[in-house]
Amino acid sequence: MSAKQHTSLPEDQFSLEDIVLKVIKLKQLIVANWKIVTIATFIGMACGLSWELITRKPPVYTSKILFNMENGGSSPSGGLSDLASAFGVNTGAAPSSNLFVGENFNELIRTKNLYNRALLTKVKVKGKDEIFANYFLRKSGIREIEMEDDEEIQNFQFKHSNYKECTVKEKAQLRNIQNFLMPLTDIANESKKASFVTLTVITRNDTLSYIWSYLYLKTITDFYIETKTKKSKDLLVLVENRVDSLRRELYRTQGAAAKFADQNQQVIVQQGLVQQQRLATNSSQLQSLYYEAVRSLDNMKFSMVKESPLYSIIDDAELPFPKETDRITKGTIIGTVLGLLLSILYVVFSKTMGKVKNKVEE
């Protein structure tokens, strides 16, 4: 058997030499039809760019606030517990609150109660007070994009800043705004090693992002402080009432004792010494009780200061925010590649069809 027969290949296989020759021929074919390839490639690029511009989302602005919430203690302790017992208030062993911890906190910040508070809060815009929900409708672009077919919301205005006074339509629009804002508002602990929390707000208006981030954070912290100090505030009211009651009784007893003593000095034979001593004793006892109540009230106020959570902004947001837009790359690249491939296929197909036509004619 000859060497030529040993090196021959089956008809359905290609040698490396054949592949290289076909690549060279394809290159020559593309070069020979470079105008068609170039025009088709540019058409594909233009189509991809146009598609991106048409489907491109409006620019957005991100407001980020890094803050820390330090819990000063959620239950009365020490002198506060003793004070509660002294006035007959049985607080017992107050369990630690988990409302602002872990997943509970993540669920809390998405409740409609907090959103209602924040959206109906009046904010100062260009020197004028305005309900934030109305400002949001004007600046968010929701009327022009997401709800352009909703005729009712186009000229809708909130008139009540108290949720209990809102009409059915106002409450319904609040739900719409909440559903729109919720995905754009996020609070997360980005670093597991630190207790700092980041509030991120993304909207189509930089001022809107700025105002909403601070307003929502203030709403959360106000609710946090109200919840953490509610029991102590209720107890503080009771103690203040007791101090006022003791003060009034002390002044009345002191006045009666002084008046009785003055009348008793004007007679030759003093009478009623027992009554006078009784009033003096009552006055002395009331005075002791009053001073003790005042001291306890001061201690409670100091305890509430330590108990109140400390809210600190570590890194605040500053205007102006940079504009964030979708990069024009993906659609343009896809269009360019498709234009190039289709042009090559067209040239190869045309060349092949030409050869087939010549063979048929022969």
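**Exercise 1.** Which residues in H6 meet which residues in H9, and at what angle do helix H6 and helix H9 pack?

*Solution.* The model is a predicted one. Begin with the contact itself, where Lys112, Tyr115, Asn116 and Leu119 in H6 meet Leu174, Arg175, Ile177, Gln178 and Leu181 in H9. Sorted by character, the residues of this contact divide into 5 nonpolar, 2 polar and 2 charged. Turning to the geometry, H6 (residues 112–119) and H9 (residues 168–181) pack at an angle of about 105°, and their axes are 10 Å apart. Because angles of 65 to 115 degrees count as roughly perpendicular, H6 is roughly perpendicular to H9.

**Exercise 2.** Describe the span of helix H10 and the polar contact at its start.

*Solution.* Helix H10, at residues 206–228, has 23 residues and reaches 33 Å from its first C-alpha to its last, which is close to the 33 Å expected at 1.5 Å a residue. At the start of H10, a side-chain oxygen of asparagine 205 comes to within 3.0 Å of the backbone nitrogen of threonine 207.

**Exercise 3.** Compare the record for residues 331–349 with the model.

*Solution.* An unreviewed UniProt entry places the feature "transmembrane region" at residues 331–349. In the predicted model, this span is 100% helix and 0% strand, and its end C-alpha atoms lie 26 Å apart.

Notes
Residues are numbered from 1 along each chain as its sequence is written. This is a predicted model: local features need pLDDT of at least 70, side-chain atom pairs count only at pLDDT 80 or more; totals for chains, interfaces and linings use all residues. Side-chain values use heavy atoms; hydrogens and water are left out. Axes are lines fitted to C-alpha atoms, for helices over the stretch in contact, and angles run from 0 to 180 degrees between N-to-C directions. Helices (H or I, at least four residues) and strands (E, at least two) are DSSP runs, numbered from the N terminus. Angles under 35 degrees count as roughly parallel, over 145 as roughly antiparallel, 65 to 115 as roughly perpendicular and the rest as oblique. Contact means heavy atoms within 4.5 Å. Ala, Val, Leu, Ile, Met, Phe, Trp, Tyr, Cys and Pro count as nonpolar, Asp, Glu, Lys and Arg as charged, and the others, Gly among them, as polar. The expected span of a helix is 1.5 Å times one less than its number of residues. A polar contact is a pair of N or O atoms within 3.5 Å; within protein, one must be able to donate a hydrogen and the other to accept it, and residues adjacent in sequence count only if both atoms are side-chain atoms. UniProt positions are given in the numbering used here, feature names are shortened, and annotations may be inferred rather than shown by experiment.
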